[in-house]
Amino acid sequence: MKALQKTLALAVILGLFSIPAAVASTSTNADKDDQPHMQAALEALKQAKTHLEQASHDKAGHRAAALKAVDEAIRHTEMGIKAGAGNAEKHEHDKDHDHDKK
């Protein structure tokens, strides 16, 4: 039961931090590898999901709720990675246009 609680807590914490981390991203390269913390969070969430799926019994509905929360956190983390890559492309595009003005 404690392992389930720890996994759920990890999933919730990572989910909460995934959106601000994506918004604060200042990467200048659209490559996903330039977002190591987001990638690490995504991998941790996927591992948490695997552990939850392998857990026995439903734990009075908490296991299912944790799986739903992890799926949502994975979705938001992936969206954050894409948004970070999009911001990097926009930033590079804006820098190119700044040179045209001179």
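Hi everyone, this is a short tour of one predicted model, taking in its nonpolar core, its salt bridges and one buried glutamine.

Let's start with the core. The largest nonpolar core has 10 residues: M38, L42, L45, L52, A66, L67, V70, A73, I74 and I81. Two elements, α2 and α3 (62-100), each give two or more residues to this core, and α3 gives the most, with 6. As general background, nonpolar side chains in soluble globular proteins tend to be buried together.

Now, the charged pairs. How many salt bridges does a search of the whole structure find? The search turns up 2. In one of them, the side chains of D71 and K49 meet at 2.8 Å, N to O. That pair links distant parts of the chain, since D71 sits in helix α3 and K49 in helix α2, 22 residues apart. D71 is partly exposed at 35% relative accessible area, and K49 is partly exposed at 25%.

In the other, R75 and E72 bring their side chains together, also with an N to O distance of 2.8 Å. Here both residues belong to helix α3, 3 residues apart, or about one turn of the helix. R75 comes out as partly exposed at 40%, and E72 as partly exposed at 35%.

Finally, my glutamine. Q35 lies in the loop between α1 (2-23) and α2 (36-54). Is Q35 buried or exposed? With a relative accessible area of 6%, Q35 is buried, because the cut-off for buried is under 20%. So what does its side chain reach? The Q35 side chain comes to 3.0 Å from the backbone oxygen of I81, and I81 is itself part of the core we began with. Setting aside neighbours within four places in sequence, Q35 contacts G80, I81, G84 and A85.

Conventions. Residues are numbered from 1 along each chain as its sequence is written. This is a predicted model: local features need pLDDT of at least 70, side-chain atom pairs count only at pLDDT 80 or more; totals for chains, interfaces and linings use all residues. Side-chain values use heavy atoms; hydrogens and water are left out. Helices (H or I, at least four residues) and strands (E, at least two) are DSSP runs, numbered from the N terminus. Buried means under 20% relative accessible area, exposed over 50%, partly exposed in between (1.4 Å probe, protein chains only). A polar contact is a pair of N or O atoms within 3.5 Å; within protein, one must be able to donate a hydrogen and the other to accept it, and residues adjacent in sequence count only if both atoms are side-chain atoms. Contact means heavy atoms within 4.5 Å. A nonpolar core is a set of buried Ala, Val, Leu, Ile, Met, Phe, Trp, Tyr and Cys residues joined through side-chain atoms within 4.5 Å. A salt bridge is a side-chain nitrogen of Lys or Arg within 4 Å of a carboxyl oxygen of Asp or Glu.
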